[in-house]
Amino acid sequence: MKVEMFSKDLFQTRVYTFNLGLESHHDAWIRHIENLRKNSPEPPSSRSVRNGWKADFKVFENPIFDPLNQVAKGCFEHVFQQESVVNLQPFKLHGSVNITDPGGFNMQHGHAGALYSGCYYVRVPENSGDITFHDPRPGAVYSPLKSNQVFGSLQVLFTPQEGQLVLFPSWLEHSVQPNDSDVSRISIPINADIASMSLPGAL
């Protein structure tokens, strides 16, 4: 008896990482971000940040972040090409700021309404928390077969690096592990939104 096998991959979710080479800007960005927090110590309401601080999605309105805005937009465009997106409307990027203090973390969430989402890492102390991607398939949690590989159903943890941009579908829910370091982690969440749409709310 001859056994034949065929396979087809279904419902895979791709996460992209880019090393942007923008580390020379980090010191200036950190000073600016710390001033933002000092001037507005009470952050806007956020459904994901715990023990930290978050800015509105307006940081790209400041020219100091132009290098990141420009390079990141090229990365989003590359992803849309890779994903063979058709009839893509003009889009713009909206950036926020996450400061996660020692002991802080981010609850599981997604970025509703965005075309695509990502996060750029400005300061990542050792043991300051991995980003965790959660299986988007509701039924997968019922399977007794557990794996964190491509076809698995367990959470997938990713340890970010300073100067790295991570892009993922906006519907892919994610969380961030607790910051077990003694230094605040600083990241810049980014949403690609249709240019004609209003700013997204706090996430």
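**Strand β10 and its neighbours**

Okay, let me start with a pairing: strand β2, residues 49–54, runs antiparallel to β4, and 5 bridges join the two. If you want a place to look on screen, find Trp-53, which sits opposite Ile-99 in β4. Before I go on, a reminder that this is a predicted model.

Staying with β4, that strand covers residues 98–109. It also pairs with β9, residues 174–176, again antiparallel, through 2 bridges. One residue to click on there is His-109, whose bridge partner in β9 is His-174.

Let me stop on His-109 for a moment, which is part of strand β4. Is His-109 buried or exposed? Its relative accessibility is 6%, and the cut-off for buried is under 20%, so His-109 counts as buried. Its side chain has a polar atom 2.7 Å from the backbone oxygen of Met-107.

Now for β10, residues 185–194, which is the strand I mostly want to talk about. How many of its residues are buried? It's 10 of 10, so mostly covered, as you can see if you switch on the surface.

Which strands pair with β10? I'll take β3, β4 and β5 in turn.

First up, β3, residues 91–95, which is antiparallel to β10 with 5 bridges between them. Lys-92 has Asp-193 as its bridge partner in β10, and for Gly-95 the partner in β10 is Ile-190. As for cover, β3 is largely enclosed by the rest of the structure, because 4 of its 5 residues are buried.

Next, back to β4, which is joined to β10 by 3 bridges, and this pair runs antiparallel too. Here the residue to pick is Asn-98, standing opposite Ser-187 in β10.

And then β5, residues 116–123, which pairs with β10 over 7 bridges, once more in the antiparallel sense. In that pairing, Tyr-120 faces you as the residue opposite Ile-188 of β10.Let's move to the loop between β4 and β5, where we find Leu-115. Leu-115 has a relative accessible area of 31%, so it is partly exposed. Together with Val-85 and Leu-88, Leu-115 makes a nonpolar surface patch of about 200 Å².

Last stop, helix α1, residues 26–39, which contains another histidine, His-32. At 18% relative accessibility, His-32 counts as buried, because the cut-off is under 20%. What is His-32 in contact with, if we leave aside its neighbours within four places in sequence? The contacts are Asn-62, Ile-64 and Phe-65.

That's my tour, so over to you for questions.

Definitions and conventions:
Residues numbered from 1 in each chain as written. Predicted model: local features only at pLDDT ≥ 70, side-chain atom pairs only at ≥ 80, totals over all residues. Heavy atoms only, no water. Buried < 20%, exposed > 50% of the residue type's maximum accessible area, 1.4 Å probe, protein only. Pairing = 2+ DSSP bridges. Polar contact = N/O pair within 3.5 Å; in protein donor to acceptor, adjacent residues only side chain to side chain. Contact = heavy atoms within 4.5 Å. Patch = residues over 30% accessible without salt bridge, like charges linked within 9 Å, V, L, I, M, F, W, Y side chains within 5 Å. Areas by Shrake-Rupley, 256 points an atom, 1.4 Å probe, with all protein chains shown as cover. Salt bridge = Lys/Arg side-chain N within 4 Å of Asp/Glu carboxyl O.
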